[in-house]
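Let's take a walk through a protein together, one stop at a time. Have the sequence and the 3D view ready, and try to find each residue as we reach it.

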Amino acid sequence: MKNTLKSISCWILALTGTIVMAQESSTSAAALGRITITAYIPPQTEALPSGAENMLTNKLNQLLTTNGISGSGVNSRFIIAPSIVVTSKDITSTAPAMTAISLDVNLYVGDGFDGKRYAAKTVSVKGVGTNETRAYLDAIKNIKPNDPAMQSFLSGAKSKIIDYYNARCTQIINEANALANSQMKFEEAMYKLTSIPEECTECYTKAMAAAGPMFRKKIERDCKVKMVEANNLWNANQDWDTANTVGQLLSSIDPEASCYKDAKALSDKIGKRVLEIDKREWNYKMEIDVNLKRDAIKAIRDIGVAYGNGQPSTVVYRSIW
């Protein structure tokens, strides 16, 4: 009992400030549009043995994915974090002697940016091993992702996350519009909008409607920037290698951009000039038909993914207890 109270006391003290976490995983198109919760292992009162932290992280990710939640995400504001309390630790009288350990694994889900707790669940597990590390691993292994109580725990957390987005829908969209309209930060704006889960049906629909014009403005801006660069490169040095460099640049221009016709004209011009000076056919294929029937939402999500993956991997989380 004394050990338990000491563990709880130290745990609370350890989480009164902010916590820095290095995330190992990156976001994906599949993750955007879904509720995302990141597994985060804060410092424990009693340090976890080598290997136990990785197993616990894997177990939490398994718990999330088993219950229909994305367990990854760059800068995900929602986290699931454990507080492990050792309730007993004994050496058995068997031959050979074994370590027997009992743990209360307190699981918390909440908003790591605002420091709000959404759900809590305590799981009691036991483990036995030839040493303390093996006993920990055996105990953690006994956390059951398919346990109905776990499903209920995460279901409640998901409902709170959906409430979060629904309550702040207008604010999120306004923030995204401000990023796109006044700061030309189209990628960040679309990342913000595509982070809204599809489960928030009405808000998600509004967000995708707002993302459409941003996508259009982005491809228009990118086309103009790339055309300036392409013309500068070609005007500075008209040879085979430069033609190929410019060709790669032109082929990355979205066919739906209004200046795509200028890109095509420059491509034709380069082809003729290369034939004159190098006596070779230059047939760099521009992707004129690639995006004509694309999934617009996927294209927007891809931009969000690229932005998310380019962000720093260190996130500062506040206590959710």
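Start at F153, which sits in helix α4, the helix made of residues 148-167. Keep in mind as you look around that this is a predicted model. Is F153 buried or exposed? Its relative accessibility is 5%, and because buried means under 20%, F153 counts as buried.

Now look at what surrounds this phenylalanine. Setting aside its neighbours within four places in sequence, F153 is in contact with I80, L107, Y108, V109, A119, A120 and K121. Take A119 from that list: F153 and A119 are 34 residues apart in sequence, yet their C-alpha atoms are 6.6 Å apart in space.

Another name on the list, I80, is a good place to go next. Leaving out neighbours within four places in sequence, I80 is in contact with I37, T38, A39, Y40, L60, L63, L64, Y108, V109, F153 and L154. I80 also stands out in the largest nonpolar core, which has 61 residues: I37, I80 and L103 are the ones that touch the most other members. Which helix gives this core its largest share? That is helix α7 (residues 201-236), with 9 residues. Apart from this core lies another one, of 17 residues, with M227, A230, A257 and I270 among them.

Let's step back along the chain to R77, in the loop between α2 (52-66) and β3 (78-91). You might wonder whether an arginine in a loop is buried or exposed here. The relative accessible area of R77 is 16%, so this residue falls under the 20% cut-off and is buried. Its side chain makes a polar contact with the side chain of Y164, at 3.0 Å. Not counting neighbours within four places in sequence, R77 is in contact with G110, D111, G112, F113, D114, Y164 and Y317.

For the last stop, find a pair of helices. The axes of α8 (residues 240-251) and α9 (residues 260-278) come within 11 Å and cross at roughly 165°. Angles over 145 degrees count as roughly antiparallel, so α8 is roughly antiparallel to α9. The crossing in which α8 passes α9 is left-handed. Which residues make the contact between them? On α8 they are W240, A243, V246 and L250, and on α9 they are A263, L266, S267, I270, V274 and D278. You have already met one of these, I270, as a member of the core of 17 residues.

Definitions and conventions: Residues are numbered from 1 along each chain as its sequence is written. This is a predicted model: local features need pLDDT of at least 70, side-chain atom pairs count only at pLDDT 80 or more; totals for chains, interfaces and linings use all residues. Side-chain values use heavy atoms; hydrogens and water are left out. Helices (H or I, at least four residues) and strands (E, at least two) are DSSP runs, numbered from the N terminus. Buried means under 20% relative accessible area, exposed over 50%, partly exposed in between (1.4 Å probe, protein chains only). A polar contact is a pair of N or O atoms within 3.5 Å; within protein, one must be able to donate a hydrogen and the other to accept it, and residues adjacent in sequence count only if both atoms are side-chain atoms. Contact means heavy atoms within 4.5 Å. A nonpolar core is a set of buried Ala, Val, Leu, Ile, Met, Phe, Trp, Tyr and Cys residues joined through side-chain atoms within 4.5 Å. Axes are lines fitted to C-alpha atoms, for helices over the stretch in contact, and angles run from 0 to 180 degrees between N-to-C directions. Angles under 35 degrees count as roughly parallel, over 145 as roughly antiparallel, 65 to 115 as roughly perpendicular and the rest as oblique. A crossing is left-handed if the near helix is turned anticlockwise from the far one by less than a right angle, and right-handed if clockwise.
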